[in-house]
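Here are a few short exercises to work through with the model open beside you. Try each task before reading its solution.

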Amino acid sequence: MSNKETICLCILIFILIVINVFGYTQSRTNTKSYAIIIEEGTRQISINEATVEELEMLPGIGPSLAQRIVEYRCQNGGFESTEDIKKVKGIGDKLFERIKPFLKK
């Protein structure tokens, strides 16, 4: 293996390690946010008032899904019930059951 190939391989390995560390950190951050909801006694958030950042604290809700919830709410005038959140693309029965205890209208 030439010196250039060795350097390229080392750089590639370094990039992969950085990507894995970043992904692990992101997954841990969402878990911590979920824990904050429980620890602070903020058991429920309003799906009609929550910001993208607040929605991201829910288990299984990432940035793009939180943004879709807010956009749906803006376009449709809010949710009539917590179950209406299932009308947002990406939220099915399984995810709804997971976040249901933390939602209020």
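**Exercise 1: a salt-bridge network**

D93 and K86 are joined through their side chains by a salt bridge, with N and O 2.8 Å apart. This is a predicted model, in which local features need pLDDT of at least 70 and side-chain atom pairs count only at pLDDT 80 or more, while totals for chains, interfaces and linings use all residues. Residues are numbered from 1 along each chain as its sequence is written, and side-chain values use heavy atoms, with hydrogens and water left out.

Task: find which residues are joined with K86 into one network by salt bridges that share partners.

Solution, step by step:

1. Start with the criterion: a salt bridge is a side-chain nitrogen of Lys or Arg within 4 Å of a carboxyl oxygen of Asp or Glu.
2. Look for another partner of K86: E83 forms a salt bridge with K86, and their closest N and O atoms are 3.5 Å apart.
3. Check the exposure classes, where buried means under 20% relative accessible area, exposed over 50%, and partly exposed in between (1.4 Å probe, protein chains only). E83 is partly exposed at 45% relative accessibility, K86 is partly exposed at 26%, and D93 is exposed at 54%.
4. Put the pairs together: salt bridges with shared partners connect E83, K86 and D93 into one network.

**Exercise 2: another pair**

Task: decide whether D84 is buried or exposed, and do the same for K87.

Solution, step by step:

1. Locate the pair: the D84 and K87 side chains form a salt bridge, 3.7 Å from N to O.
2. Classify each end: D84 counts as buried because its relative accessibility is 16%, whereas K87 is exposed, at 55% relative accessible area.
3. Place the pair in the total: searching the whole structure gives 3 salt bridges.

**Exercise 3: the chain overall**

Task: work out in what order helices and strands follow one another along the protein chain.

Solution, step by step:

1. Count the elements, taken as DSSP runs (helices H or I, at least four residues; strands E, at least two) numbered from the N terminus. The protein chain has 4 helices and 2 strands.
2. Read along the sequence: the pattern is α-β-α-α-α-β.
3. Add the burial figure: of the 105 residues in the protein chain, 27% are buried.
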